[in-house]
Amino acid sequence: MRNVYIYCEGATEEAFVNNLLQDYFIATEVCVSPIVCRTSTKRGKKFTGGVSSFESFKSELTRVCKEHARESVTMMFDYYALPEDFPGQELVEKDVYKKVKHIERQIEQAIGMRNFRAYLSVHEFEALLFSSPDSFSLAEKSMVPLIKKIKDDFSNPEFINNSAKTAPSKRIYACYPRYSKTRDGIIIAKDIGIQRMLAECKHFKEWIEWILDSGRRG
């Protein structure tokens with residue numbers, strides 16, 4: 001069994017790893033384990049989830065890579081609302097895949113650890129949920145036609161765009177204000193399944209394939 005550690009932006013990504021990715025990879029003899037980003041420590045208490053700056057991100061992630069120097073480390077952060085001081089964002093590029101891959105490579109260079117591979121969800125975790133609009137019925141049946149209409153406007157879920165009003169999660173909230181990322185999001189994701197997400201989301205598929213290959217190589 002080979003270990004791959006996934007440095008997660010927050011509780012949603014952690015739940016996604018624990019509830020979906022672990023089961024998906026177990027048959028391949030790859031063990032994926034989440035490590036949630038630590039934002040601060042006050043009076044001995046650790047606060048996790050979210051990232052305020054690249055320097056704090058770099059410091060903790062570098063430590064994680066060194067602690068697991070003989071194993072693979074990756075990350076699961078949203079491209080949407082990424083702090084402005086993350087490297088690579090100066091690139092002017094209409095193709096979101098090229099833009100995100102450029103940022104990922106710049107992050108890897110800044111971290112400078114051979115066992116690390118960057119991954120940014122395009123545009124955020126909720127894009128994966130648009131892989132199967134019917135699965136939204138588990139949260140609220142009236143959402144299904146609304147989610148289908150949104151998906152039909154794009155050639156694939158990862159193209160659902162990136163702003164305070166149009167990012168995937170913002171569109172879901174507009175359809176269903178009671179939406180919970182860690183409750184509804186994971187329930188919907190489990191109903192969809194990893195295979196359907198792989199078929200719909202190119203960048204996500206490339207990341208999953210890297211985890212599989214890295215875990216096999218050890």
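**A walk through the helices and cores**

In this predicted model, let's start at helix α6, whose buried residues are D184, G185, I186, I188, A189 and I192. Among the elements that cover these buried residues are α1 and α7. Right after α6 comes G193, a residue with a positive phi, near 85°.

From here we can step into the core. In the largest nonpolar core there are 40 residues, and the ones touching the most other members are F16, L21 and F204. At least two core residues come from each of β1 (2-8), α1 (11-26), β2 (30-36), α4 (143-152), α5 (168-175), α6 (181-192), α7 (194-200) and α8 (202-217). Helix α1 gives the largest share, six residues. As a general background, nonpolar side chains in soluble globular proteins tend to be buried together.

It is worth pausing at F204. Leaving aside residues up to four places away in sequence, F204 touches F16, Y119, L128, E158, I194, M197 and L198. A second core, separate from this one, holds 25 residues, and L61, C65, Y97 and I107 are among them.

Two of those names, L61 and C65, lead us to helix α2, where the buried residues are F54, F57, E60, L61, T62, V64 and C65. How far should helix α2 span? With 14 residues (54-67) at 1.5 Å a residue, the expected value is 20 Å, and because its end C-alpha atoms are 20 Å apart, the model agrees with that expectation.

The other two names, Y97 and I107, belong to the buried residues of helix α3, which are V96, Y97, K99, V100, I103, E104, I107, E108 and I111. An α-helix has 3.6 residues a turn, so residues three or four places apart point the same way; keep that in mind as you look along the list. Helix α3 covers residues 96-111, 16 residues in total, and reaches 22 Å from its first C-alpha to its last, close to the 22 Å expected at 1.5 Å a residue.

What caps the N-terminal end of α3? The cap is D95, with a side-chain oxygen 2.9 Å from the backbone nitrogen of Y97. After the helix comes G112, whose phi is positive, near 70°.

Finally, have a look at the aromatic rings. Searching the whole structure turns up 14 aromatic pairs. Ring pairs join Y7, F54, F57, F77 and F86 into a cluster. Two members of that cluster, F54 and F57, are already familiar as buried residues of α2.

Terms used:
Residues are numbered from 1 along each chain as its sequence is written. This is a predicted model: local features need pLDDT of at least 70, side-chain atom pairs count only at pLDDT 80 or more; totals for chains, interfaces and linings use all residues. Side-chain values use heavy atoms; hydrogens and water are left out. A nonpolar core is a set of buried Ala, Val, Leu, Ile, Met, Phe, Trp, Tyr and Cys residues joined through side-chain atoms within 4.5 Å. Buried means under 20% relative accessible area, exposed over 50%, partly exposed in between (1.4 Å probe, protein chains only). Helices (H or I, at least four residues) and strands (E, at least two) are DSSP runs, numbered from the N terminus. Contact means heavy atoms within 4.5 Å. The expected span of a helix is 1.5 Å times one less than its number of residues. A polar contact is a pair of N or O atoms within 3.5 Å; within protein, one must be able to donate a hydrogen and the other to accept it, and residues adjacent in sequence count only if both atoms are side-chain atoms. Rings of Phe, Tyr and Trp (its six-membered ring) pair if their centres lie within 6.5 Å; planes under 30 degrees apart count as stacked, over 60 as edge-to-face and the rest as tilted.
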